[in-house]
Amino acid sequence: MVILGIDPGSITTGFAFIEKTNCSLEVLEYGTIHVPASKALEDRLLHIILELEALLDRYKPNSLSMEGVFFAKNAKSALVLGHIRGAVLVACRKRGMTYNEYSPRVVKQAVAGSGAASKEQVANMVFARLGIEGDHLPLDASDALAIAWTHANPAPLAGLKKRKVSKKASVEQWKKLVERMGGSING
């Protein structure tokens with residue numbers, strides 16, 4: 001299975017193609033698609049998609065994994081990013097690819113072991129895990145590698161939903177728990 005990882009951006013979009021076989025991962029290609037900020041949005045979209053489509057035709061991936069939507073402080077930036085994500089998704093869907101999205105926190109947790117890891121920590125860990133040298137690699141490319149790696153190596157608990165748990169248990173709740181465990185509390 002060939003997986004495409006995408007870190008979408010309106011000026012620099014990171015991409016990574018990795019192939020997953022029974023027990024190994026092979027990095028096929030990774031890098032960035034860069035478009036000057038001076039170009040109009042529609043021209044940036046066209047440039048990104050034309051370059052991406054050439055890569056899609058070369059590697060014929062089965063699955064797209066992309067960083068999930070996040071909340072941005074700047075509504076215009078979020079809207080532009082939505083256009084990029086949508087264009088990438090359409091180009092990949094036209095080729096029958098499946099789609100998976102991962103939040104930045106899940107990617108950081110899967111790759112670096114901490115959802116609060118810095119971009120540099122994620123880059124260093126993904127390079128170590130994939131056995132590649134990345135001294136001068138843009139963070140957009142290492143993020144795309146991390147996203148693809150996360151899809152290829154899902155965390156065992158990633159699919160579980162978080163339950164809201166009270167931080168403080170009442171004395172009565174503790175007594176009930178102890179009783180269920182076969183003990184008793186005097187008092």
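Start with the sheet: select the five strands and you'll see an open sheet running β3-β2-β1-β4-β5, with mixed pairing. Keep in mind as you click around that this is a predicted model.

Next, colour the two edges. These are β3 (25–34) and β5 (98–102), and each has a single partner strand, so one side of each is left without a neighbour in the sheet. Now tilt the view to look at the twist: ignoring direction, neighbouring strands are turned by 20 degrees against each other on average.

Stay at the β5 edge and add strand β4 (residues 63–67). The two strands run parallel, and five bridges join them. To pick out a facing pair here, select E67 and look across to Y102 in β5.

Now bring in helix α5 (residues 139–152). Which strands does α5 touch as it packs on the sheet? Show β1 (2–7), β2 (12–20), β3, β4 and β5: α5 touches each of these. Line the helix up with β2 and you'll find about 35 degrees between their directions.

Last stop: leave α5 on screen and add helix α3 (residues 104–112). The two axes come within 9 Å and cross at roughly 75 degrees, which makes α3 roughly perpendicular to α5. For the side of the contact that belongs to α3, select V106, V107, A110 and V111; for the α5 side, take A146, I147, W149 and T150. Colour that selection by residue class and what turns up? Seven nonpolar residues, one polar and no charged ones make up this helix-helix contact.

Conventions. Residues numbered from 1 in each chain as written. Predicted model: local features only at pLDDT ≥ 70, side-chain atom pairs only at ≥ 80, totals over all residues. Heavy atoms only, no water. Axes fitted to C-alpha atoms, helices over the stretch in contact; angles between N-to-C directions. Helix = DSSP H or I, 4+ residues; strand = E, 2+ residues; numbered from the N terminus. Parallel < 35°, antiparallel > 145°, perpendicular 65-115°, else oblique. Contact = heavy atoms within 4.5 Å. Nonpolar A, V, L, I, M, F, W, Y, C, P; charged D, E, K, R; others polar. Pairing = 2+ DSSP bridges.
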